[in-house]
Amino acid sequence: MLKNDGIITPEELTPVLPPLARLEKGPVAIIECLQDIPCDPCVSACPTKAIKMKEGITDKPLLDFAACTGCGLCIPKCPGLAIFVINMKHTAGMATVSMSHELLPVPEKGQEVTALDRAGKVVGKVKVVRVINPPAYDRTAVVTVEVPADQVNNIRAIRV
Amino acid sequence: MSRNTEVFVIGGGPAGLSAAHVAAKLGAKTLLVDDSARVGGQLIKQTHRFFGSSNRDAGIRGITIADKLQQDISEVADRLTVLENTAAVGFYHNKEAGILSQNAYERVTYQAAIVCTGATENSLTFENNDLPGIYGAGGVQTLMNVHGIKPGQKILMVGSGNIGLIVSYQLIQAGVEVVGLVEGMPTIGGYLVHASKIRRLGVPIHTSHTILKALGTEGVEGAVLCRVDEKFQPVPNTEFEIKCDCICLAVGLTPLIDLFQQAQCRMVHVGELGGLVPLHDSSMRTTNPDIFVAGDASGIEEATTAILAGRIAGARAYETIHGKSADADAIVAEAREELRTLRSGSTGERIRWGRERVLKEAGEC
């Protein structure tokens, strides 16, 4: 369980997963922030105001899946590196996962990297399809990797 | 030699810098001393993005917040003197204190003092805990993030509070292998997102475990860990060895309070705040009416709340000398509201409880 070992279980993840109908429409964010902590940069990061906190800053973020465009601007703003964007409409059988990456080296587009799951276990080799790393992101690169569709909620880190 | 100032701020961390900035901005002649080579306190070691409200520095790296605070104080340089490499060494009667820089001792005469001395690191008792290669987490951060020196190649982290989790992450960023994290409690103490960050990079988190001893003769070669029961007693036959060349202790902080005791401030023991703290009211004034406190010295918390408490102390210290001010009131009201929000919710429960106890003792609630 998350609070014992840092690994989010599938049951713990369910409430923050987008509904299937939304996944079929293209990229969407998953905010894996499951604890009431005093933090809110994701709220102001969202250009469509899709992220809300009902009870104020110490509440968990709530994502309006219909309003989320999957743009990913919230990813590098999260101090917990807990926001991912998944795209199930990539190519047949394949999906993409976009995540924060704050380790050197920063991979390049087209590079093959090792995908890791929530426990740091090697899942396999995946291809980097996009790297966004402008000065405004202040050294938190957003890396998108192409993954088998059934691994989209399992792969959460890369080793370059 | 002697110096004369209106407000005397001891400690140039987030609390002290904010207190000095506010006091000087409102119009008080202010002197700030810090015993390190560069002001900024622990912020200069913080490479991670801060939590908190985006109205105030959340999402920004700690080191950038230190730069911002330094920029703030440079704007009031005509009223604020900053002495680095200078330690406050004692309070005397008649609003006098002693400061010691490289080789010179000076007396400071002040009208109000704000003590922001921060905290010291706790240690842990286990066999061989004096071997070379066993560090406090603050020491590891200083080596790694201030001086660019890796403390070792394979490190074991003890303690799962935010400091243990964040320093583990910084070690991974620096290219050090974190072989595991040990926590006596059954659950992770810090923010779970920080725990997930290191877990998915392969760091095993051993909750309900403790370190029994460090292995090695000339330096650390490994550690023996074991499970603990609900009373934190080792469970027999659960020992296992882990190889490492370095052990990092992140087992809490204790407020640094010597100066308050010297100034005869009344102290109160509040476990939730890290131990003995000077009794203070909501203006951050201690029982010695000329002495204020802010930051970890008033109870262990974190940088954003230290900044806010520093602003309150700076504003009230100014008023002690120059009388009531609407500007000071506005700063205090704003900071109090932000503190209230940041300390709300379940993660702020212990702090709220501890703070309430201090105010109750001070007769405020």
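1. Start with two helices of chain B in this predicted model. From α4(B), the residues Asn162(B), Leu165(B), Ile166(B), Ser168(B), Tyr169(B) and Ile172(B) meet a second group in α5(B), made up of His194(B), Ala195(B), Lys197(B) and Ile198(B). Six of the residues in this contact are nonpolar, three are polar and one is charged. As you look at the numbering within α4(B), keep a general point in mind: an α-helix has 3.6 residues a turn, so residues three or four places apart point the same way.

2. How do these two helices lie against each other? Helix α4 of chain B covers residues 162–173 and helix α5 of chain B covers residues 192–199; their axes are 9 Å apart and the packing angle is about 30 degrees. Because angles under 35 degrees count as roughly parallel, α4(B) is roughly parallel to α5(B). Their crossing is left-handed.

3. Now look at α4(B) by itself. Its twelve residues reach 16 Å from the first C-alpha to the last, close to the 16 Å expected at 1.5 Å a residue. Ten of those twelve residues are buried, so α4(B) is largely enclosed by the rest of the structure. Among the buried ones are Ile163(B), Gly164(B), Val167(B) and Leu171(B). The elements covering them include α3 (137–146), β11 (154–158), β12 (177–182), α5 and β17 (246–249), which belong to chain B. Just after the helix comes Gly175(B), with a positive phi of about 90 degrees.

4. Helix α5(B) turns up again where the two chains touch. There, 36 residues of chain B are in contact with 34 residues of chain A. On the chain B side, α5 and α8 (326–342) each supply at least two residues, and α5(B) gives the largest share, eight residues. That side of chain B has 14 nonpolar, 17 polar and five charged residues.

5. A second helix pair is worth finding in chain B. Helix α1 (residues 14–26) and helix α7 (residues 303–322) of chain B cross at roughly 35 degrees, and their axes come within 7 Å. This crossing is right-handed. The contact includes Ala15(B), Gly16(B), Ala19(B) and Ala23(B) from α1(B), and Ala306(B), Gly310(B), Ala313(B) and Ala317(B) from α7(B). Its residues fall into 15 nonpolar, five polar and one charged.

6. What span should the 20 residues of α7(B) have at 1.5 Å a residue? The expected value is 28 Å, which agrees with the 28 Å between the end C-alpha atoms of α7(B). The helix is mostly covered, with 17 of its 20 residues buried. Just after α7(B), Gly323(B) takes a positive phi of about 85 degrees.

7. Finally, a few backbone details to check on screen. Most residues other than glycine have a negative phi, and most peptide bonds are trans. In chain A, a cis peptide bond joins Leu104(A) and Pro105(A), with omega at about -5 degrees; Pro105(A) sits in the loop between β5 (94–101) and β6 (112–117) of chain A. Lys49(A), which is not a glycine, has a positive phi near 55 degrees and lies in the loop between α4 (41–45) and β2 (51–52) of chain A.

8. Chain B has a residue to look at too. Asn94(B) is not a glycine, yet its phi is positive, about 55 degrees. You will find Asn94(B) in the loop between β5 (87–92) and β6 (96–100) of chain B. Is Asn94(B) buried or exposed? Asn94(B) is exposed, with 5 other C-beta atoms within 10 Å. Lys49(A) is exposed, with 10 other C-beta atoms within 10 Å.

Key
Residues are numbered from 1 along each chain as its sequence is written. Chains are lettered from A and ligands numbered from 1 in the order in which they are written. This is a predicted model: local features need pLDDT of at least 70, side-chain atom pairs count only at pLDDT 80 or more; totals for chains, interfaces and linings use all residues. Axes are lines fitted to C-alpha atoms, for helices over the stretch in contact, and angles run from 0 to 180 degrees between N-to-C directions. Helices (H or I, at least four residues) and strands (E, at least two) are DSSP runs, numbered from the N terminus. Angles under 35 degrees count as roughly parallel, over 145 as roughly antiparallel, 65 to 115 as roughly perpendicular and the rest as oblique. A crossing is left-handed if the near helix is turned anticlockwise from the far one by less than a right angle, and right-handed if clockwise. Two residues are in contact if their C-beta atoms, placed from the backbone, lie within 7 Å. Ala, Val, Leu, Ile, Met, Phe, Trp, Tyr, Cys and Pro count as nonpolar, Asp, Glu, Lys and Arg as charged, and the others, Gly among them, as polar. The expected span of a helix is 1.5 Å times one less than its number of residues.
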